[in-house]
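Please open the model in your viewer and keep the sequence panel beside it. This tour moves from one selection to the next and says what to look for at each stop.

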Amino acid sequence: MNDTLIWSVIVALGIGTYLIRFSFIGIIGDRELPSWVLRLLRYVPVAVMPALVAPLVVWPEATGGEPDLPRILAASAALVVGAWRRDALASIIAGMAVLYLALWLLG
Amino acid sequence: MRSTTDRSAFFSGLRACAPFILVVVPFGMLFGVLASEAGWDFVQILAMGFLVIAGASQFAALQLIGEQAPFLIILATSLAVNLRMAMYSASIAPHIGPAPLWQRALAAYMLTDQTYGVAINHYTMHPNEPWTRKVAYFFGAITAICPAWYASTLAGAVVGQAIPGEFALDFAIPITFIALFAPALRSLPHLVAAVVSIVVALNLAWMPYNSWMLVAAAVAMVAGALTEVWVERRGA
């Protein structure tokens, strides 16, 4: 009984997500976008990702939504190292290292 | 690959995206583990990983299916999480737009947070590269991430319940997103956009179906663009 629901979600979510991804790449093609659109698009990464991440940092699911010092420290370390070194891997390593260290010391 | 420079672009995309294998693997495994714990079979877990390739929405769907939510609520919520990819698609279209349809269709399939983040950083630094190199770079990034995603989803399904909670893998997700945007905080407009994004998101997090995410992103984009205009006028 649950199988029908699982399969319908898998297929519908797969198709829907593909259409979202294909939308502009497929339709707009090599036509030029107006400069004000390009100006807005420059800020897509720094507009979307912080919004996605901020609630996960402040109210982590693992603690049932309670603010958690190790996770806040880990996120801050990832942010500072990432912005300073301009290096995603260094940012990830710093974040996870601080997370495990803080969980071990404070947990 | 058309030429040796395209081939070198392919490999530099591969190298640039390779570090994210470390992040994608726990994410894929975690999905496999949680889905198998929820009673999904191998084929279902792999089909989800193969067709959707969008971790956050997969977790949203997994959770809501577990809660026996209505089909349309599950679909709308999970797709809302993925709406940010329309903005990725729009952002990357000017760079790979001249490519043939089949190449764009394939690129769209693997337009993820990681491949997009790595590619757009490269395109921003090398805006005048020919599109063949840009496409080759993107396919290199895909080649780094794609097999790792499938394999880790499968491994997670196999490993099942063997990963204990104290590994705090839940937090690999936020760390990934931070690692993807932090290196882009290179100017005042970028900084303003990020701060506005965080403030709006935290204040609107009560809105249902992740809709706060899209509101925060839209407001932050405008804030970044307006700051850019302001900085240019002051400089002029």
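A helix in this tour is a DSSP run, coded H or I, of at least four residues, a strand is a run coded E of at least two, and the elements are numbered from the N terminus. Keep in mind throughout that this is a predicted model.

**Stop 1: chain B as a whole**

Select chain B and colour it by secondary structure, and you should find 12 helices and zero strands. Followed from the N terminus, the elements read α-α-α-α-α-α-α-α-α-α-α-α. Chain B has 236 residues, of which 52% count as buried. If you consider the contacts in chain B between residues at least 6 apart in sequence, 76% of them join residues at least 24 apart.

**Stop 2: a serine in helix H2 of chain B**

Now select Ser36(B), which lies in helix H2 (residues 21-37) of chain B. Is Ser36(B) buried or exposed, or something in between? It has 19 C-beta neighbours inside 10 Å, and because a residue needs 20 or more to be buried, Ser36(B) counts as partly exposed. Which residues does Ser36(B) contact, once its neighbours within four places in sequence are left aside? They are Ile45(B), Ala157(B) and Gly160(B). Draw a distance from the C-alpha atom of Ser36(B) to that of Ala157(B), and the separation is 5.6 Å, although the two residues are 121 residues apart along the chain.

**Stop 3: two helix pairs in chain B**

Two packed helices are described by the angle between their axes and the distance between the axes. Select helix H4 (residues 55-66) of chain B together with helix H5 (residues 71-82) of chain B, whose axes are 8 Å apart and whose packing angle is about 160°. H4(B) and H5(B) are therefore roughly antiparallel to each other, and the crossing in which H4(B) passes H5(B) is right-handed. To see the contact, show the side chains of Ala56(B), Ser57(B), Ala60(B), Ala61(B), Leu64(B) and Ile65(B) on H4(B), and then those of Ile73(B), Ile74(B), Thr77(B), Ser78(B), Val81(B) and Asn82(B) on H5(B). Sorted by class, this contact of H4(B) with H5(B) contains eight nonpolar, four polar and no charged residues.

Next, select helix H8 (residues 113-125) of chain B and helix H9 (residues 131-159) of chain B, whose axes cross at roughly 150° and come within 9 Å. That angle makes H8(B) roughly antiparallel to H9(B), and their crossing is right-handed. On the H8(B) side, look for Gln114(B), Thr115(B), Val118(B), Ala119(B), His122(B) and Tyr123(B), which meet Lys134(B), Tyr137(B), Phe138(B), Ala141(B), Ile142(B) and Ile145(B) in H9(B). By class, the contact of H8(B) with H9(B) has eight nonpolar residues, three polar and one charged.

**Stop 4: helix H11 of chain B**

Select helix H11 (residues 188-204) of chain B, where 17 residues at 1.5 Å a residue should span 24 Å, and the end C-alpha atoms are indeed 24 Å apart, which agrees. The buried residues in H11(B) include Pro189(B), His190(B), Val192(B) and Val200(B).

**Stop 5: chain A and its helix H4**

Turn to chain A, which has five helices and zero strands. Of its 107 residues, 45% count as buried, and among contacts in chain A between residues at least 6 apart in sequence, 37% join residues at least 24 apart. Zoom in on H4(A), where the buried residues include Arg71(A), Leu79(A), Val81(A) and Gly82(A). Just after H4(A), Arg86(A) takes a positive phi of about 55°.

**Stop 6: where the chains meet**

Finally, show both chains, and you will find 61 residues of chain A in contact with 76 residues of chain B. H1(A) gives the largest share of the side of chain A that touches chain B, with 18 residues. That side of chain A has 44 nonpolar, 10 polar and seven charged residues.

For one pair across the chains, select H3(A) and helix H12 (residues 211-235) of chain B, which pack at an angle of about 145° with their axes 8 Å apart. Their crossing is right-handed. The residues making this contact include Val44(A), Ala47(A) and Leu52(A) of H3(A), and Met213(B), Ala220(B) and Gly224(B) of H12(B). The contact of H3(A) with H12(B) divides into 11 nonpolar residues, one polar and no charged.

Conventions. Residues are numbered from 1 along each chain as its sequence is written. Chains are lettered from A and ligands numbered from 1 in the order in which they are written. This is a predicted model: local features need pLDDT of at least 70, side-chain atom pairs count only at pLDDT 80 or more; totals for chains, interfaces and linings use all residues. Two residues are in contact if their C-beta atoms, placed from the backbone, lie within 7 Å. Ala, Val, Leu, Ile, Met, Phe, Trp, Tyr, Cys and Pro count as nonpolar, Asp, Glu, Lys and Arg as charged, and the others, Gly among them, as polar. Axes are lines fitted to C-alpha atoms, for helices over the stretch in contact, and angles run from 0 to 180 degrees between N-to-C directions. Angles under 35 degrees count as roughly parallel, over 145 as roughly antiparallel, 65 to 115 as roughly perpendicular and the rest as oblique. A crossing is left-handed if the near helix is turned anticlockwise from the far one by less than a right angle, and right-handed if clockwise. A residue is buried if 20 or more other C-beta atoms lie within 10 Å of its own, exposed if 12 or fewer, and partly exposed in between; C-beta atoms are placed from the backbone. The expected span of a helix is 1.5 Å times one less than its number of residues.
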